[in-house]
Each structure stands twice: as structure tokens, then as C-alpha cells.
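Colleague: I should like to go through this structure with you, one question at a time. Please give your reasoning before each result.

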Amino acid sequence: QMSFYAASGPRAGIGFALLGVLVLVTGGMAFARIRAGLVQSHRQWMTRNYALIFAAVTLRIYQPILEIALGEDLGYVVVAWLCWVPNLLVAEWLIRTGRWSRPEPALVGTA
């Protein structure tokens with residue numbers, strides 16, 4: 001909903017709308033994977049989802065800095081994208097390099 005009321009117009013609105021869609025998609029994929037018993041794939045999708053949701057934090061960190069550096073309007077447009085794109089890229093890098101995965105725990109009593 002934030003995308004409809006973005007202060008700097010459609011350029012910022014599209015960034016927030018895409019963020020919202022991706023949060024829903026990654027959350028849905030994570031849910032589908034865990035329902036199918038695919039734990040590692042679920043973890044990967046939840047890592048992406050967390051990275052996107054963490055945009056709420058990174059926006060609040062970047063926004064005052066960017067608005068001072070670039071002005072209020074341009075700073076807001078930039079932060080609409082910068083608050084989530086780098087987060088998602090880092091998450092994807094962690095997933096693809098294997099730095100974020102951990103082995104499945106062994107079940108007690110199984111041979």
C-alpha cells in the first residue's frame with residue numbers, strides 16, 4: 001500500500017510495490033517448500049524473505065543520509081530501491097556460495 005502513496009511519485013512507488021510483491025512471493029515459496037518437506041529450500045526462501053523484510057530497517061538507516069546528500073525527492077526515490085535490492089543481493093550471494101547453509105541435524109534414534 002505504501003507504493004500508492006510514495007512521496008516522490010511512481011519511481012519510488014514502483015520500488016515499494018516490487019518489494020511488496022517479492023515479500024509475498026518469497027514467503028509463499030518458503031511456505032510451499034516447507035509443506036513439501038524441502039527444509040533446505042525453505043531456509044533459502046526464508047533467507048530471501050528476511051532480507052526483503054529487513055528493508056524496513058535499512059530504509060530508516062539510509063533515508064536521512066540520502067535525503068541530506070541528494071535532496072528530499074531524489075533521496076526518497078533512491079532509498080525506495082536501496083533499502084531492499086542490496087539486502088536481496090547479499091542474501092542471494094550467501095545462498096549461492098553456501099555460506100548460509102548448515103547441515104541437517106541428525107534425527108535421534110535413526111541409523
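Modeller: Let us begin with a term: a residue counts as buried when its relative accessible area is under 20%, and as exposed when it is over 50%. Please note as well that this is a predicted model.

Colleague: Is Glu92 buried or exposed?
Modeller: The cut-off for a buried residue is under 20% relative accessible area. Glu92 has a relative accessibility of 18%, and therefore it counts as buried.

Colleague: With which residue of helix 2 does Glu92 form a salt bridge?
Modeller: Glu92 belongs to helix 5, while its partner is in helix 2 (residues 39-53), so the pair ties together parts that are 44 residues apart in sequence. Both residues of the pair are buried. The closest N and O atoms are 2.7 Å apart, and the partner is Arg48.

Colleague: Which residues are joined into one network by salt bridges that share partners?
Modeller: The structure holds 2 salt bridges. Besides the bridge between Glu92 and Arg48, there is one between the side chains of Arg96 and Glu92, at 2.8 Å from N to O. Arg96 and Glu92 both lie in helix 5, 4 residues apart, about one turn of the helix. Through shared partners, the network consists of Arg48, Glu92 and Arg96.

Colleague: Is Arg96 buried or exposed?
Modeller: A residue must be over 50% in relative accessible area to be called exposed. Arg96 reaches 67% relative accessibility, so it counts as exposed.

Colleague: Which residues does Asn87 contact, leaving aside its neighbours within four places in sequence?
Modeller: Asn87 is also part of helix 5 (residues 85-97). At 12% relative accessibility, Asn87 counts as buried. With those neighbours left aside, its contacts are Ala51, Phe54, Ala55 and Thr58.

Colleague: Which residue has its backbone oxygen 3.3 Å from a polar atom of the side chain of Thr58?
Modeller: Thr58 is found in helix 3 (residues 55-70) and is buried, with a relative accessible area of 7%. Leaving aside neighbours within four places in sequence, Thr58 is in contact with Cys83 and Asn87. The backbone oxygen at 3.3 Å from its side chain belongs to Ala55.

Colleague: Against which helices do the buried residues of helix 4 pack?
Modeller: Helix 4 spans residues 72-82. Its buried residues are Gly75, Tyr76, Val77, Val79 and Ala80. They pack against helix 1 and helix 3.

Colleague: Which helix supplies the largest share of the nonpolar patch on the surface?
Modeller: The patch is formed by Ile14, Leu18, Val21, Val25 and Trp81, with about 410 Å² of accessible area together. Trp81 is located in helix 4 and is partly exposed, at a relative accessible area of 31%. The largest share, 4 residues, comes from helix 1 (residues 10-35).

Colleague: What share of the area exposed by the protein chain do carbon and sulfur atoms supply?
Modeller: The chain has 5 helices and 0 strands, and buried residues make up 31% of its 111 residues. About 7400 Å² is exposed, and the share from carbon and sulfur atoms is 69%.

Colleague: Among contacts between residues at least 6 apart in sequence, what percentage joins residues at least 24 apart?
Modeller: One such pairing in sequence terms is Glu92 with Arg48, which ties together parts 44 residues apart. For the protein chain, the percentage is 63%.

Terms used:
Residues numbered from 1 in each chain as written. Predicted model: local features only at pLDDT ≥ 70, side-chain atom pairs only at ≥ 80, totals over all residues. Heavy atoms only, no water. Patch = residues over 30% accessible without salt bridge, like charges linked within 9 Å, V, L, I, M, F, W, Y side chains within 5 Å. Areas by Shrake-Rupley, 256 points an atom, 1.4 Å probe, with all protein chains shown as cover. Salt bridge = Lys/Arg side-chain N within 4 Å of Asp/Glu carboxyl O. Helix = DSSP H or I, 4+ residues; strand = E, 2+ residues; numbered from the N terminus. Buried < 20%, exposed > 50% of the residue type's maximum accessible area, 1.4 Å probe, protein only. Polar contact = N/O pair within 3.5 Å; in protein donor to acceptor, adjacent residues only side chain to side chain. Contact = heavy atoms within 4.5 Å.
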